[in-house]
Each structure stands twice: as C-alpha cells, then as structure tokens.
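Got the viewer open? Here's a short tour, stop by stop, with something to select at each one.

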Amino acid sequence: MKTNKLGAEGVQTEQGGIATIHFPRFADPNLLKHAVSTRWGGVSRGPYLSLNVSTKVQDEGLSVGENRLLLGKTLGMDLGRAVWMDQTHGDKVMKLDAANRPPKGGSLGEGDGMITNLADIPLMVL
C-alpha cells in the first residue's frame with residue numbers, strides 16, 4: 001500500500017492498483033469509514049476507461065460490476081449491499097432507515113445527500 005498526503009488535509013492511498021482519497025479530519029475511522037474513489041485502476045474501456053462504478057452511463061455492466069468488486073475489496077466493504085441516490089445537484093437529503101432500505105442495495109431515488117442510523121451499509125454518491 002502506498003500513501004501520499006494531498007492538499008486540504010486529504011490522503012491518497014493506492015492499493016491493488018486502485019487509488020482512493022480519504023480525509024482524516026472528517027471522522028474517526030473506527031466510527032465512520034469513508035473514501036473518494038478516483039479513476040485509477042479498474043477494467044472499463046473506451047470513454048469510461050478505468051474505474052467507472054456508475055451504471056448511469058453506457059459502460060458495460062460486467063465492467064461496472066468488476067470495478068465495484070475491486071473498489072469494495074480495496075475499501076474492505078461489500079459494495080453489492082451499497083445504497084445510493086440518483087444525484088440531481090439540488091439540496092434534497094434522503095434518510096436511509098430500516099423501513100426504506102433496499103434489501104440488496106440499490107437506489108433510494110433522486111437526491112443529493114444521505115443520512116442513516118444503520119451500521120455497515122455502504123452509502124455511495126455517484
């Protein structure tokens with residue numbers, strides 16, 4: 001694993017060909033694990049070259065799935081259980097709880113942020 005300090009207190013980590021950025025001042029890593037993925041690593045080709053994890057573009061579904069597996073392995077998370085929202089670039093914050101949790105992960109609908117009281121559920125912003 002290779003680690004580089006970035007501006008704005010960010011730390012870039014490269015592991016298994018995947019690069020992510022985290023911010024140590026954001027939260028105690030024992031309470032909240034977080035990361036920003038980069039495009040480094042991954043299996044997508046063409047205009048989506050590298051680590052595309054979005055199904056909202058014309059990338060091959062198998063490539064997106066493999067990229068999510070690679071990113072999840074790097075982060076130590078099961079992204080197959082991840083919950084996300086379809087970002088609209090507005091101000092809607094969505095609440096994820098036991099009543100509206102997609103059983104196998106998936107979208108909560110349109111919004112721009114998420115909060116939850118559930119443990120061990122990866123939240124993704126794409």
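Start by selecting T74, which you'll find in helix α1. One note before you zoom in: this is a predicted model. Is T74 buried or exposed? It counts as buried, because its relative accessibility is 18% and the cut-off for buried is under 20%. Now show what surrounds the residue: setting aside neighbours within four places in sequence, T74 is in contact with Q15 and I18.

Those two contacts take you to the next stop, the strands β2 and β3. Select residues 11–15 for β2, and you'll see this strand pair with β3 in the antiparallel sense, over five bridges. To check the register, pick V11: its bridge partner in β3 is H22. The two strands form a hairpin with two residues between them. Click on G16 in that turn, and you have a positive phi of about 60°.

Stay with β3, residues 18–22, and colour by accessibility. How many of its five residues are buried? Four of them are, so the strand is mostly covered. On to the pairing with β4: two bridges join β3 to β4, and the strands run antiparallel. Select I21 and look across to β4, where V36 stands opposite.

V36 also belongs to the next selection. Pick F23, F26, L31, L32 and V36 together and turn on the surface: they form a nonpolar patch with about 500 Å² of accessible area between them. Take F26 as your example from the group. This residue sits in the loop between β3 and β4, and F26 counts as exposed because its relative accessible area is 54%, with the cut-off at over 50%.

Keep following the chain to S50, in the loop between β4 and α1. Check the backbone here: S50 has a positive phi of about 100°, although it isn't a glycine. That's worth a click, because most residues other than glycine have a negative phi. As for cover, S50 counts as buried, with a relative accessibility of 14%.

The same kind of backbone check works at H89, in the loop between β5 and β6. Its phi is positive too, near 60°, again in a residue other than glycine. Buried or exposed, this time? H89 counts as exposed, at 68% relative accessibility.

Next, select D86 and K56 and show their side chains. How many salt bridges does the structure hold? Just one, and you're looking at it: D86 forms a salt bridge with K56, with the closest N and O atoms 3.5 Å apart. The pair links distant parts of the chain, since D86 is in strand β5 (residues 83–87) and K56 is in the loop between β4 (36–37) and α1 (61–75), 30 residues apart. Put a distance label on the C-alpha atoms of D86 and K56, and the separation is 9.0 Å. The two ends have their own levels of cover: K56 is exposed, with a relative accessible area of 60%, while D86 counts as partly exposed at 22%.

Leave D86 selected and expand to its contacts. Beyond the neighbours within four places in sequence, D86 is in contact with K56, S107, G109, E110 and G111.

Now zoom out to the sheet around β5. Three strands make up an open sheet in the order β7-β5-β9, with parallel pairing. Which are the edge strands? They are β7 (106–111) and β9 (123–125), each pairing on one side only. Tilt the view to see the twist, which averages 25° from one strand to the next. Between β5 and β9 the parallel pairing runs over three bridges; to pick out one of them, select M85, whose bridge partner in β9 is V125.

Last stop: select β6, residues 93–96, and show side chains. They alternate along the strand: M94 and L96 point to one face and are buried, while V93 and K95 point to the other and are not. Then add β8, residues 113–116, which pairs with β6 in the parallel sense over four bridges. Finish on M94, which stands opposite M114 in β8.

Definitions and conventions: Residues numbered from 1 in each chain as written. Predicted model: local features only at pLDDT ≥ 70, side-chain atom pairs only at ≥ 80, totals over all residues. Heavy atoms only, no water. Salt bridge = Lys/Arg side-chain N within 4 Å of Asp/Glu carboxyl O. Buried < 20%, exposed > 50% of the residue type's maximum accessible area, 1.4 Å probe, protein only. Pairing = 2+ DSSP bridges. Axes fitted to C-alpha atoms, helices over the stretch in contact; angles between N-to-C directions. Patch = residues over 30% accessible without salt bridge, like charges linked within 9 Å, V, L, I, M, F, W, Y side chains within 5 Å. Areas by Shrake-Rupley, 256 points an atom, 1.4 Å probe, with all protein chains shown as cover. Contact = heavy atoms within 4.5 Å.
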